[in-house]
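Me: Let's go through this fold together, one question at a time. Please explain each term as it comes up.

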Amino acid sequence: MKQVTNSVLMIRPVAFRMNEQTTANNHFQKELNGILPAAINARAQQEFDALVNQLESVGINVVVVEDTLETDTPDSVFPNNWISFHENGDVVMYPMFAENRRVERREDVLDILEEKGFVIENVVDFTSAEEDGVFLEGTGSLVLDRANVIAYCALSPRSDEELFIEFCEDFDYAPVLFEAFHTVDGKKDLIYHTNVMMSIGDHFAIICADMIADKKERKMVLDNLRESGKELILISEKQVTQFAGNVLELSGANDKRFIVMSTTAFESLNATQKSQLEKHGSILSANLQTIETCGGGSARCMIAEIFLPKD
């Protein structure tokens, strides 16, 4: 299976703001005081449009779907949490922690993709787990090594162990499960999403190993990455807070590789880390300051990769 795709889905926000329902366990979110909601949304739209333009300018196929004002979906700019697309034509729908994020799931997105020639064979729906207060938030919870069929998951209130194992059984992924902690107000807390502290490309993996407190778990995760042929690029907890782990490799025109991240993430990397990454592709960085500050997510969260076959 391919690890990297040329096609992505992105949802353009229409009512972006700090989502009060997700602040309980996303400690990356912050209030932007003294700025009107309309101005915050306008800034988020500018950042979104600029990133889309950058991706399209290097030959990445971006399917942009406008969010709708009919629903209250302040986090709609992060579609990778509710949907994932797979090479066999499967689409997966995921159970979401925040109630107002559940209405982000839209059937019409599948219709739009089919109109563009993508083939959907089957929809796998895990969303009934919400009734039991159990969640698994897409490729936020799951960091997939698709090529080696390994799924990595940091347990948290948004990433349930049993549901993770069920996903792995259904899709024949080998599960790698661990706990990752970050410091919040002087205390250690579980990180809310795996994809904030690790990213897997074709031949590299970015990871904050220091966040995995248990030495056996840390060794298991790093051994799996090394055995899969990944060059390890280690980042610090401070760099995680600057979204250096929230990164995605995509392929542009002529399969040229791009490593997509925010300007904040890029500026947090040291020269060695940048040169390590640049062996694997050109770094493409975009200013996502408003989206990062209010949304608590960055470039990777904004992009749902499309691996579906084309007709």
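Me: Which side chain does K219 meet in a salt bridge, and at what N to O distance?
Reply: A salt bridge here is a side-chain nitrogen of Lys or Arg within 4 Å of a carboxyl oxygen of Asp or Glu. This is a predicted model, in which local features need pLDDT of at least 70 and side-chain atom pairs count only at pLDDT 80 or more, while totals for chains, interfaces and linings use all residues. Residues are numbered from 1 along each chain as its sequence is written, and side-chain values use heavy atoms, leaving out hydrogens and water. The partner of K219 is D223, with N to O at 2.7 Å.

Me: Is K219 buried or exposed?
Reply: Buried means under 20% relative accessible area, exposed over 50%, and partly exposed in between, with a 1.4 Å probe and protein chains only. K219 and D223 both sit in helix α6 (residues 215-227), 4 residues apart, or about one turn of the helix; helices are DSSP runs of H or I with at least four residues, strands are E runs of at least two, and both are numbered from the N terminus. D223 is partly exposed because its relative accessible area is 23%. With 53% relative accessible area, K219 is exposed.

Me: Which residues do salt bridges join into one network through shared partners?
Reply: By the same cut-off, the count comes to 17 salt bridges. Some of them share partners, and these link up D202, E249, D255 and R257.

Me: R101 forms a salt bridge with E104; how far apart are the closest N and O atoms?
Reply: R101 has 2% relative accessibility, so R101 counts as buried. E104 has a relative accessible area of 5%, so E104 is buried too. The closest N and O atoms of this pair are separated by 2.7 Å.

Me: How many residues apart are R101 and D75?
Reply: R101 also forms a salt bridge with D75, with the closest N and O atoms 4.0 Å apart. This pair links distant parts of the chain: R101 belongs to helix α2 (residues 99-102), D75 to the loop between β2 (61-66) and β3 (83-85), and the separation is 26 residues.

Me: Which strands are the edge strands of the open sheet β3-β4-β5?
Reply: The sheet has 3 strands in that order, with mixed pairing; two strands pair if DSSP finds at least two bridges between them. β4 (residues 90-93) pairs with β5 in the parallel sense over 4 bridges, and D90 has N122 in β5 as its bridge partner. Pairing on one side only, the edge strands are β3 and β5 (122-125).

Me: At about what angle does helix α3 run to β3?
Reply: Axes are lines fitted to C-alpha atoms, for helices over the stretch in contact (heavy atoms within 4.5 Å), and angles run from 0 to 180 degrees between N-to-C directions. Helix α3 (residues 107-115) lies across β3, β4 and β5, and its angle to β3 is about 25°.

Me: Is the β-α-β crossover from β7 to β8 right-handed or left-handed?
Reply: Strands β7 (residues 150-154) and β8 (residues 174-178) run parallel and are joined by 5 bridges, with Y152 opposite V176. The chain passes from β7 through helix α5 (residues 161-171) to β8. Right-handed means that, with the strands pointing away from the viewer, the path from the first strand over the helix to the second runs clockwise. This crossover is right-handed.

Me: Which residue in the turn between β9 and β10 has a positive phi?
Reply: β9 (residues 181-184) and β10 (residues 187-190) pair in the antiparallel sense over 4 bridges, with F181 opposite L190. In β9, H182 and V184 point to one face and are buried, while F181 and T183 point to the other and are not. The hairpin has 2 residues between its strands, and the one with a positive phi, about 50°, is D185.

Me: What is the radius of gyration of the protein chain?
Reply: The chain holds 10 helices and 17 strands. The globule rule, 2.2 Å times the number of residues to the power 0.38, gives 19 Å for 311 residues, and the chain comes close to that, so it is as compact as a globular protein of that length. Taken over C-alpha atoms, the radius of gyration is 18 Å.
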